[in-house]
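Hi,

Here's the structure I promised to pass along. Have a look at it first, and my notes on what turned up follow below.

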Amino acid sequence: MRKDFLPFARPSIGEDAIQDIAESIRSGWITTGPKTLAFEKEFARVVDAPYALAVNSATAGLHLALMALGIGQGDEVVTTPMTFAATVNTILFTGARPVLADIDRRTLNIRPEAIEAAITPHTKAIVPVHFAGRPCRMEEILEIARKHRLAVIEDAAHAMGASWSGGPVGRTPASERRICVFSFHPTKNITTGEGGMVCTGDEEAAEAVSVMRQHGMSKGAWNRYAATGTPHYDIVVPGLKYNMLDIQAAIGLSQLRELDRFNARRRDLVAAYRRAFDGLPGLILPPEPEAGTVHSWHIFTPLIDTGALTIDRDRFMALMREQNIGTALHYQAVHLYTYYRKTLGWKPGDFPEAEYVSERIVSLPLFPAMTDDDLADAADATKRVLAAHRAR
Ligand SMILES: *Cc1c(COP(=O)(O)O)cnc(C)c1O
């Protein structure tokens, strides 16, 4: 058995980033400033977005995106039950009502047919999540949005480096009411410690996000305190405090330079898992990426085939822990959490595909610094646990 604990994720932060953070701190300019501007510019180039606005988390970014598109009281927003709570919470913050549309149990992504069925006269937006980094069926989702005049906010927290026929996730044409939000939480494909990026081609939405992330001020602190700035500002809307620090952006700039290498390593590790698990009973592997798409493999999430085993998923995770292998749960279907059940009336049975997945899904270790030996340890432990608990 493995001697030291293998976590399910671990960030890789280069020495260059650490040097850049130190430089930011020594310069006296810690908060939003030149490094944040450089990070935004470089990020916009990488994902081919007309505007990229840095914020302090994807949660903040989703909140701002919804507000920038004018979503609030009386509106409905359609999203997926297979997501992190922040996707739903940010809709609730605006006063709007989240409405769920069930997933495809193979791809784990929201089904366009289910979106269409969930639309009412109150629907204002769709929030698809590119689960694990697998692009959603965006052609169909954008077509539904056009037909019903809805905005689209992509929760791209998992999808840095993913692409589909419309280009890289993050490319958001000026002609569409569309915003794409990334996360830089430490487990994500690239990190800034904590952080997020809001990408859009909608100039008005970009301006709204820019103003609302910093108190509703017409000008940022950089403009006020820099040698070239003016001391006056106006408050044009009651805003929030969601800006990114330069010390975060310093990490982000370094991470962007590593993105292709990081994601290539993730792809290789997934291929190695597939080879190790080929034909293994008890485990249902995620399908290969759809033709013409690039999957960013933020997480590797097979399903535990509980029908073929004497243990459930939670027991599998506990037994993996005993083998010194970390796993994680992404996610319990969101409609099963207490608060939403109480306030929105969601209940077990509402989204059967998400519930099927929710009971079986597990995230195995996957991160760029993972070695071939780490992979072999995680795969061997999985095989041992499954072999010891096969139903006969
Ligand atoms: C991580 C994550 C978020 C929240 O990102 P933060 O940067 O931690 O706020 C939102 N949605 C999904 C799907 C995520 O995985």
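Before the aromatic part, a quick word on the counting: rings of Phe, Tyr and Trp (its six-membered ring) are taken as a pair if their centres lie within 6.5 Å, and planes under 30 degrees apart make the pair stacked. Keep in mind that this is a predicted model.

With that rule, the structure has 12 aromatic pairs. One to pull up is Tyr273 with Phe300: the ring centres are 4.8 Å apart and the planes sit at 0°, so this pair is stacked. The two residues are 27 apart in the chain, with Tyr273 in helix H9 (residues 246-277) and Phe300 in the loop between strand S10 (283-284) and strand S11 (303-304).

On to the overall layout. The protein chain splits into domain 1 (15-253) and domain 2 (259-388), and their C-alpha centres are 26 Å apart. Each side brings a matching number to the contact: 37 residues from domain 1 and 37 residues from domain 2. Together the domains bury about 3,100 Å² between them, with carbon and sulfur atoms giving 61% of that. On the domain 1 side, look at Arg105, Arg134 and Asn189, which supply 22% of the area that domain 1 buries against domain 2, more than any other three residues.

What holds charges and polar groups opposite each other there? Across the interface of the two domains there are 2 salt bridges, and 19 residue pairs are in polar contact. As for which elements of domain 1 touch domain 2, helix H4 (85-93), strand S3 (97-100) and strand S6 (163-164) each supply at least two residues. H4 has the largest share, with 4 residues. By type, the residues on this side of domain 1 come out as 20 nonpolar, 11 polar and 6 charged.

Arg105 is worth a second click: its side chain meets that of Glu353 in a salt bridge (2.9 Å, N to O).

Counting over the whole structure, there are 24 salt bridges. One of them joins the side chains of Arg2 and Asp377 (2.8 Å, N to O). That pair spans 375 residues of the chain, from Arg2 in the segment before helix H1 (15-27) to Asp377 in helix H13 (residues 372-387).

Last, two bits of backbone to check. Most residues other than glycine have a negative phi, and most peptide bonds are trans. Asp48 has a positive phi of about 60° although it is not a glycine; you'll find Asp48 in the loop between helix H2 (34-47) and strand S1 (51-55). The peptide bond from His330 to Tyr331 is cis, with omega near 0°, and Tyr331 belongs to the loop between helix H10 (313-322) and helix H11 (338-344).

Cheers

Conventions
Residues are numbered from 1 along each chain as its sequence is written. This is a predicted model: local features need pLDDT of at least 70, side-chain atom pairs count only at pLDDT 80 or more; totals for chains, interfaces and linings use all residues. Side-chain values use heavy atoms; hydrogens and water are left out. Domain bounds come from an automatic or database domain assignment. Contact means heavy atoms within 4.5 Å. Buried area is the accessible area (1.4 Å probe) that two parts lose on being put together, summed over both. A salt bridge is a side-chain nitrogen of Lys or Arg within 4 Å of a carboxyl oxygen of Asp or Glu. A polar contact is a pair of N or O atoms within 3.5 Å; within protein, one must be able to donate a hydrogen and the other to accept it, and residues adjacent in sequence count only if both atoms are side-chain atoms. Ala, Val, Leu, Ile, Met, Phe, Trp, Tyr, Cys and Pro count as nonpolar, Asp, Glu, Lys and Arg as charged, and the others, Gly among them, as polar. Rings of Phe, Tyr and Trp (its six-membered ring) pair if their centres lie within 6.5 Å; planes under 30 degrees apart count as stacked, over 60 as edge-to-face and the rest as tilted.
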